[in-house]
Amino acid sequence: MSFKEKIDPKRLPKHIAVIMDGNGRWAKQRGKLRVFGHESGVTAVRETAEACAEIGIKYLTLYAFSTENWNRPKMEVDALMNLLVKTLNKETKTLMDNKIRLGAIGDLTQLDPQCRKQLQETIDNTSGNDRMEMFLALSYSARWEITEATKKIAQLVKEGSLNPDDINQDLMTSMLTTKSIPDPELLIRTSGEYRISNFLLWQIAYSELYFTPVLWPDFRKEHLYEAIYDFQHRERRFGKTSEQLNPCIK
Ligand code: IPE
Ligand code: IPE
Ligand code: MG
């Protein structure tokens, strides 16, 4: 029985976030340049997006390029940006076929004009799709996002339109780039690294974390379904006791 068949369709996470890691090592294992790993990672992006849409996931957020990734060699950064433009163009059909609406989070002002133009075009072209929303985190980092949110709040206080006593968690959430979507219930990281690398720090406060040794270019639908199956066998306690959650079981 495949993992897809074992999943309980009534207890799906609404939002899955993925740290797509391991492209460089995948290429190195094959004696190729890192860029080859990034190109091969596109298949995994397509598979993951399709797998989520097929099963009924509503939101998928993919960490594609971090603020810190700007510090990589220029050749790699340029190649990643070119790949982004090429992929958005080529995969628009996949997004349309699966009724996926594209969105982006991050400091998009840092992207070069050609990238931003292609990104905006794909966002516009897919804006009528309603099966699933897929966000690319580009030039994103959680510390950048939280700092920006803090600046916005400080500005409102300075203008006199916000009382500091009214600053609460809901207000903070509404100032983040993910304000329109629920927090991810499940966060997946590939490539056997056990860290968050500045991704969605506020939003993953109570996410279930799932780490797999699979390198991103090898990630396929069944890997995604395995992660969801694993998620469905966790007890999410949110600070309560197991007995509180299951009063009938002694
Ligand atoms: C993830 O793969 C893609 C990006 C961060 C852009 P890496 O490029 O980090 O691959 P490894 O971790 O070096 O193997
Ligand atoms: C995290 O991967 C960022 C993305 C997947 C886009 P990195 O490969 O940049 O993370 P570190 O440097 O190993 O923590
Ligand atoms: Mg990496």
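**Exercise 1. Salt bridges**

Task: Find how many salt bridges the model holds, then place lysine 4 and its partner.

Solution: Start with the rule. A salt bridge is a side-chain nitrogen of Lys or Arg within 4 Å of a carboxyl oxygen of Asp or Glu. By this rule the count is 21 salt bridges. This is a predicted model: local features need pLDDT of at least 70, side-chain atom pairs count only at pLDDT 80 or more, and totals for chains, interfaces and linings use all residues. Residues are numbered from 1 along each chain as its sequence is written, chains are lettered from A and ligands numbered from 1 in the order in which they are written, and side-chain values use heavy atoms, with hydrogens and water left out.

Now take lysine 4. Its side chain meets that of glutamate 54 in a salt bridge, 3.2 Å from N to O. Lysine 4 lies in helix 1 (residues 3-6) and glutamate 54 in helix 3 (residues 34-55), so the pair links distant parts of the chain, 50 residues apart. Helices here are DSSP runs of H or I with at least four residues, strands are runs of E with at least two, and both are numbered from the N terminus.

Check exposure next. Buried means under 20% relative accessible area, exposed over 50%, and partly exposed in between (1.4 Å probe, protein chains only). Lysine 4 has 37% and is partly exposed. Glutamate 54, at 36%, is partly exposed as well.

**Exercise 2. Two further pairs**

Task: Decide whether glutamate 76 and aspartate 21 are buried or exposed, and name their partners.

Solution: Glutamate 76 bridges to arginine 34, with the closest N and O atoms 2.8 Å apart. Glutamate 76 is in helix 4 and arginine 34 in helix 3, 42 residues apart. Glutamate 76 is buried, at 6%. Arginine 34 is partly exposed, at 37%.

Aspartate 21 pairs with arginine 25 at 3.4 Å between the closest N and O atoms. Aspartate 21 is buried, at 17%. Arginine 25 is partly exposed, at 33%. Both belong to a network of salt bridges that links Asp21, Arg25, Arg189, Glu193 and Arg195.

**Exercise 3. Helix 6**

Task: Work out which residues of helix 6 are buried and what covers them.

Solution: First check the length. Helix 6 (residues 113-125) has 13 residues, and at 1.5 Å a residue it should span 18 Å. The expected span is 1.5 Å times one less than the number of residues. The end C-alpha atoms are 18 Å apart, which agrees.

Then list the buried residues: Cys115, Gln118, Leu119, Thr122 and Ile123. Seen down the axis, they fall within an arc of 135°, so they line one face of helix 6. The arc is that of the directions from the helix axis to the C-beta atoms. On the other side, Pro113 and Lys117 are exposed.

Last, the cover. It includes helix 4 (74-90), helix 5 (92-97), strand 3 and strand 4 (132-140). Contact means heavy atoms within 4.5 Å.

**Exercise 4. The sheet**

Task: What is the strand order, and which strands stand at the edges?

Solution: The open sheet has six strands in the order 3-4-2-1-5-6, with parallel pairing. Two strands pair if DSSP finds at least two bridges between them. Strand 3 (100-105) and strand 6 (208-211) stand at the edges, each with a single partner strand, so one side of each has no neighbour in the sheet.

Zoom in on one pair. Strand 1 (residues 15-19) and strand 5 (residues 186-189) run parallel over four bridges. Here isoleucine 16 stands opposite leucine 186.
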